[in-house]
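Open the model in your viewer and keep the sequence panel beside it. The stops below say what to select and what is there.

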Amino acid sequence: MLSTIMSTIVAGAISVVVMALGWVLAKRAISDREKSSPFECGFDPIKSARLPFSLRFFLLAIIFLIFDVEIVLLFPALAMMMSGFSLQVALGAFLFLVILILGLFHEWNEGSLDWAQ
């Protein structure tokens, strides 16, 4: 019990010290126009280095990440079904797939998947 309390106090103290150190070092950073501009061999920048990118591409990347994570979430259910068939696990996996497919159809109807027009 005592070691748990002591560990909590030490972890809290370390996090406070690290946050305070980060705050102090952030205040020391001088905001300078030359330091924040992109380096182009000493010349003034021709155009902005932060060009806007396609929002449709960003949405497609987010959709890919969401569906990728959802597929990974299906693996435990499939492993449990392989080890021994359980109606609860099968229904849960089926419901999960139905929600996943409904989300895909919603994104398709919304037009988020047609990003290259």
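Select residues 87-110, which are helix α4. Helices here are DSSP runs of H or I with at least four residues, strands are runs of E with at least two, and both are numbered from the N terminus. α4 has 24 residues, which should span 34 Å at 1.5 Å a residue, and its end C-alpha atoms are indeed 34 Å apart. The expected span is 1.5 Å times one less than the number of residues.

This is a predicted model, in which local features need pLDDT of at least 70 and side-chain atom pairs count only at pLDDT 80 or more, while totals for chains, interfaces and linings use all residues. Residues are numbered from 1 along each chain as its sequence is written, and side-chain values use heavy atoms, with hydrogens and water left out.

Stay on α4 and colour Val89, Ala90, Ala93, Leu100 and Glu107, which are buried. Buried means under 20% relative accessible area, exposed means over 50%, and partly exposed lies in between (1.4 Å probe, protein chains only). Which helix do the buried residues of α4 pack against? They pack against α3. Just after α4 comes Gly111, with a positive phi near 95°.

Next, select residues 55-83, helix α3. Its 29 residues reach 43 Å from first C-alpha to last, close to the 42 Å expected. Ile63, Phe67, Leu74 and Ala77 are the buried residues of α3, and what covers them includes α4. An α-helix has 3.6 residues a turn, so residues three or four places apart point the same way.

Show both helices together. The axes of α3 and α4 come within 10 Å and cross at roughly 165°. Axes are lines fitted to C-alpha atoms, for helices over the stretch in contact, and angles run from 0 to 180 degrees between N-to-C directions. The two helices are therefore roughly antiparallel, a label for angles over 145 degrees. The crossing of α3 and α4 is left-handed: the near helix is turned anticlockwise from the far one by less than a right angle.

Now display side chains where the helices meet. On the α3 side, the residues include Phe67, Glu70, Leu74 and Met80. On the α4 side, they include Val89, Phe96, Leu100 and Glu107. Contact means heavy atoms within 4.5 Å.

Select Glu70, in helix α3. Is Glu70 buried, partly exposed or exposed? It is partly exposed, with a relative accessible area of 22%. Leaving aside neighbours within four places in sequence, Glu70 is in contact with Phe96 and Leu100. Glu70 and Leu97 are 27 residues apart in sequence and 9.1 Å apart in space, C-alpha to C-alpha.

Move to Leu60, also placed in α3. Leu60 is partly exposed, with a relative accessible area of 22%. Measure from the C-alpha of Leu60 to that of Asp114: the two are 54 residues apart in sequence and 8.7 Å apart in space.

Then highlight residues 6-26, 57-79 and 85-105, which an unreviewed UniProt entry annotates as "transmembrane region". UniProt positions follow the numbering used here, feature names are shortened, and annotations may be inferred rather than shown by experiment. Residues 6-26 are 100% helix, with end C-alpha atoms 30 Å apart. Residues 85-105 are 90% helix, with end C-alpha atoms 29 Å apart.

Finally, zoom out. The protein has four helices and zero strands. Buried residues make up 9% of its 117 residues.

Technical notes. Parallel < 35°, antiparallel > 145°, perpendicular 65-115°, else oblique.
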